[in-house]
Every structure is written in C-alpha cells, then in structure tokens.
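Reader: I have this model open and would like to know what lies behind the words used to describe it. Could you take me through them?

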Amino acid sequence: MSIDRLRSHYGLSRVPFGKDLAAGMLHAHRAHQEAVARISWCISEQAIGVVTGECGAGKTVAARAAVASLDASRHTILYLGTPGVGLRGIYCAIVTGLGATPRFYSASLIPQAQELLAAEAEERGKQVVFILDEAHLLDGECLEGIRCLSNASMDQTAPFCLLLL
C-alpha cells in the first residue's frame with residue numbers, strides 16, 4: 001500500500017510522525033520534558049551541557065524543543081550536525097554561523113572565532129548557543145579546542161552555551 005493511499009484512507013494532509021514536526025507538536029512525555037528543562041537550564045546559565053542517550057532516544061529533538069522556546073532576537077543558534085570536520089572545521093562553522101568569512105590560517109582563525117563570539121554578546125546583546133550533535137565522534141583535540149573557546153574574561157564569563165549531544 002502506498003503512502004498516498006494511506007493518507008487518503010485516513011484523511012491525513014501530511015505524513016504522521018515525520019521529522020518536520022514543529023516543536024509544539026512533539027509528544028511531551030516526562031523524559032522529554034526533563035531533557036528540555038535541563039537543556040534550557042544549560043542555556044540560561046551559559047554552561048557546557050552533555051546530553052547522552054541511545055540512538056533515537058530524542059536528544060536532538062529535545063534540543064530542538066528547548067531552542068524553539070528561545071527569543072530569536074536574544075539568541076544566536078549555531079548547530080553542527082557533523083562534528084567529524086575536525087577542529088578547524090568547527091571553528092569555521094562558528095565563524096560562518098556568526099556571519100563572517102573564516103580566515104585561512106588557524107593562528108588567525110581562532111582569535112577571529114573568539115572575537116565574533118564576544119561581539120555577539122557585547123555588541124548585539126545576543127547569547128550564542130552552540131549545539132554539536134553526534135559529539136561522541138569528537139576527539140580530544142576538538143573537545144579541548146572548543147573548551148578553550150569557552151574561556152573569557154579570565155574565566156569569569158562564558159561567551160556561549162555549548163551543548164554536546
């Protein structure tokens with residue numbers, strides 16, 4: 001039986017349970033609500049959060065639900081679904097996500113990412129939320145490089161919230 005036939009039989013205008021559901025259409029079971037609350041807390045505290053679970057458990061969906069409740073005029077969301085691009089690729093994703101062209105040499109790319117993250121808060125009044133999906137694929141160099149970006153003002157503030165899914 002084809003999907004079109006099923007949709008017409010049941011009177012559906014779209015395929016049920018697709019990935020394109022709006023955050024408000026997600027089933028808010030207890031574990032999902034708890035994950036969204038913890039992710040939201042990490043965002044409000046500009047903390048580094050690690051969300052773990054089995055494949056298909058809803059980590060990305062919970063992050064999407066938490067992000068959907070944020071005020072877009074006060075938050076900049078950077079999402080990287082393929083962290084296997086290495087540390088340079090991660091820095092480039094940050095720079096590109098913040099509207100600039102990445103510099104060629106790492107010695108100038110790293111400060112560029114730091115400056116853009118600081119400017120997002122100081123000049124635009126926006127909090128950056130950086131979501132790295134499939135974070136289990138990150139190696140030690142990438143984790144350390146991202147952590148180093150989180151240090152600002154002699155570790156008094158964090159220039160972004162980091163969510164590792």
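**Leucine 132 and its surroundings**

Author: Happily. This is a predicted model, and leucine 132 is a good place to begin: beyond its neighbours within four places in sequence, leucine 132 is in contact with Leu80, Pro83, Leu138, Ile146, Leu162, Leu163, Leu164 and Leu165.

Reader: What makes these residues contacts of leucine 132?

Author: Contact here means heavy atoms within 4.5 Å, and each residue on that list meets this cut-off with leucine 132.

Reader: Which residue is the bridge partner of leucine 80 in β3?

Author: Leucine 132 again. Six bridges join β2 to β3, and the two strands run parallel.

Reader: How do you know that β2 and β3 count as paired?

Author: Pairing needs at least two bridges. β2 and β3 have six, so they are paired. In the open sheet of four strands, the order is β1-β4-β3-β2, with parallel pairing.

Reader: Why are β1 and β2 called edge strands?

Author: β1 (48-50) and β2 each have a single partner strand, so one side of each lacks a neighbour in the sheet. From one strand to the next, the twist averages 15°. Helix α2 (residues 30-45) packs on this sheet and touches β1, β2, β3 and β4.

Reader: Why is valine 67 called buried?

Author: Valine 67 has a relative accessible area of 17%, and buried means under 20%, so valine 67 is buried. Valine 67 sits in helix α3 (residues 59-68). Not counting residues up to four places away in sequence, valine 67 touches Ile77 and Ile131.

Reader: Which residues have the most contacts inside the largest nonpolar core?

Author: They are Ile90, Ile94, Phe130, Leu132, Leu138 and Phe160, in a core of 24 residues. The largest share of this core, six residues, comes from α4. There is also a second, separate core of 16 residues, which includes Val36, Ala65, Ala66 and Ile131.

Reader: What makes the contact of α4 with α6 mostly a nonpolar one?

Author: Let's start with the geometry: helix α4 (residues 86-97) and helix α6 (residues 140-149) pack at an angle of about 35°, their axes 8 Å apart. Gly86, Leu87, Ile90, Tyr91 and Ile94 in α4 meet Glu141, Cys142, Gly145, Ile146 and Leu149 in α6. By class, that contact has seven nonpolar, two polar and one charged residues. Gly counts as polar and Glu as charged, whereas Leu, Ile, Tyr and Cys count as nonpolar.

Notes. Residues numbered from 1 in each chain as written. Predicted model: local features only at pLDDT ≥ 70, side-chain atom pairs only at ≥ 80, totals over all residues. Heavy atoms only, no water. Axes fitted to C-alpha atoms, helices over the stretch in contact; angles between N-to-C directions. Core = buried A, V, L, I, M, F, W, Y, C linked by side-chain atoms within 4.5 Å. Buried < 20%, exposed > 50% of the residue type's maximum accessible area, 1.4 Å probe, protein only.
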